[in-house]
Amino acid sequence: MSSYAMLINGKSVTTSDQDPVINPAFGESFAAVPRASKAHIDEAMEAAALAFRTWRKDEAFRRQKLNECAAAIQSRVHDIANVLSQEQGKPLSAAMGEVFGASMWFSYFANLQIEPEILQDDGEKRIRIVRKPLGVVAAILPWNFPVILLSWKLAPAFLAGNTVVAKPSPYTPITSLMVADILRDILPAGVLNVVSGGNDLGALMTAHPVPRKISFTGSVGTGKKIMAAAADDLKRVTLELGGNDPAIVLDDANPDQVADGLFWSAFQNSGQVCTAVKRLYVHEKVYQPIVDRLIERAKTVRVGNGLYPETQLGPINNEMQLNKVMSLVEDARQNGAKVQTGGCRLESSGYFYPPTIVTEAREGMRLVDEEQFGTALPIIKYKHVDDALEQANRTHFGLGGSIWTSDLQRGEALAQELDSGTGWVNHHMDILPFTPFGGAKWSGIGCENGPWGYKEFTAMQVVNVKK
Ligand code: NAD
């Protein structure tokens, strides 16, 4: 069994206590990772604090290092993707796309030009805003996109001059440790530290006196705990939390044109995407043809081990999540919804749950009200678009949402009516390095990406010179 090391103060660190990592395609462990102790966290935080003193000084050097990180990750796409597919479950091609994306994010931030913010510059005064790094950032990650989400935090944090202690999810720690190992020879000691362990380790990091910011991606429940933990020390937080994204198909949508987009917006990464379509509202006029097309796709899509070349959808990442998806579908079935495809676990030791299309779903069913985060999609028929919009917005979630229509103007107007961080028209989940990404309501606080995401890793200082 392979084992991996943490990165603390520029050194590879391993421990006698190890945690197994399970390959969800088999439900069996295939590797082990170190379990960090409180002493490791202290060491990582001190190293990051020390490295910060120098790292913050030279922006050109940091940009050069970000470019080197991008190239180093790109040169190892295949190795990382192979392990990503095993620890996360996703198809190898998607894993390669994710790792390549991480390298792209480093390049984007290496080259991001920050516009000067000059508020007044005349004979009397020169007033401008200076962006300063915050210090040590604690970065805490989920298991659905472990590699690219790590890059969303590291690249802007480093550009701004911060140092980082990162903690991957206990379900997908290996690829973060691999990235740390790859970047070890590029970054000065202490600039990046990656520690592995359970949820308690995350709690130790958020309670630690050193970090000045917590950058967190994960569930709403954990986000609330993190915000509470940050309050005492007034640490800055960026919280990228769960979603229950609605997609609304209008009466003028062409079923043949939208079906593929809808299917993959719901089921990509086996539905384990924060911005997957998780509730589908379809106008009664196009309801049946849309349902028929989605059923057809659900029946033919190839579910299997992510390392097999024919696989289009891998397993659910972990048993707890699989049980959650199964219980939400069961609850919907018992409350009168119709399970049109899938609806039961495949006979395998792996955590496979085929794409499950659930019709006659409605508000009040847990599958509609909660975030399923898996291969099940409830479809809700509607008559009036105002009613669909109202239902779409009547939730604590507000990450993304989309409108599907042949009338782009109408689509754009309705997308603005969604109470969400992003409103797409005729697609969903399109997230780019230069577009700010964040959630409304309980789906998050702050944002990542673009100059907006970069600024979240900085403190503003006004420099006001009287001439
Ligand atoms: P999770 O909240 O269970 O865990 C996320 C991370 O937090 C893990 O590293 C975990 O070990 C750590 N953690 C757990 N308890 C902690 C505590 N008390 N203090 C500090 N850290 C703690 O989430 P998950 O199940 O790994 O991820 C799935 C969730 O993430 C879904 O809700 C999904 O929508 C959300 N997500 C959101 C985004 C986004 O950008 N908005 C992106 C991806 C995933």
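Me: Where does the ligand lie with respect to domain 1 and domain 2?
Reply: To place a ligand, one asks which parts of the chain contribute to its surroundings; in this predicted model, domain 1 (2-241 + 441-466) and domain 2 (245-425) both give residues to the shell around the ligand, so the ligand lies between them.

Me: Which helices and strands each supply at least two residues of that shell?
Reply: Helix H7 (199-207), strand E11 (213-217) and helix H8 (220-231) each do so.

Me: Which residues come nearest to the ligand, and how many are around it?
Reply: There are 29 residues around the ligand, and Leu141, Asn199, Ser219, Thr222 and Glu371 come nearest; sorted by class, the shell has 15 nonpolar, ten polar and four charged residues.

Me: Which polar atoms lie 2.7 Å from an oxygen atom of the ligand?
Reply: Here one looks for pairs of N or O atoms within 3.5 Å: a polar side-chain atom of Asn199 lies 2.7 Å from a ligand oxygen atom, as does a polar side-chain atom of Thr222, while a polar backbone atom of Leu241 is 2.8 Å from a nitrogen atom of the ligand.

Me: How much of the ligand does the protein bury?
Reply: Taken alone, the ligand exposes 850 Å², and the protein buries 90% of that; the space that the ligand takes is the largest pocket.

Key: Residues numbered from 1 in each chain as written. Predicted model: local features only at pLDDT ≥ 70, side-chain atom pairs only at ≥ 80, totals over all residues. Heavy atoms only, no water. Near = heavy atom within 4 Å. Polar contact = N/O pair within 3.5 Å; in protein donor to acceptor, adjacent residues only side chain to side chain. Areas by Shrake-Rupley, 256 points an atom, 1.4 Å probe, with all protein chains shown as cover. 1 Å grid on protein atoms, 1.4 Å probe; cavity = no way out; pocket = protein on both sides within 12 Å on 5 of 7 lines; lining within 4 Å. Sits in = over half its atoms within 2 Å of the grid points. Helix = DSSP H or I, 4+ residues; strand = E, 2+ residues; numbered from the N terminus. Nonpolar A, V, L, I, M, F, W, Y, C, P; charged D, E, K, R; others polar. Domains from an automatic or database assignment.
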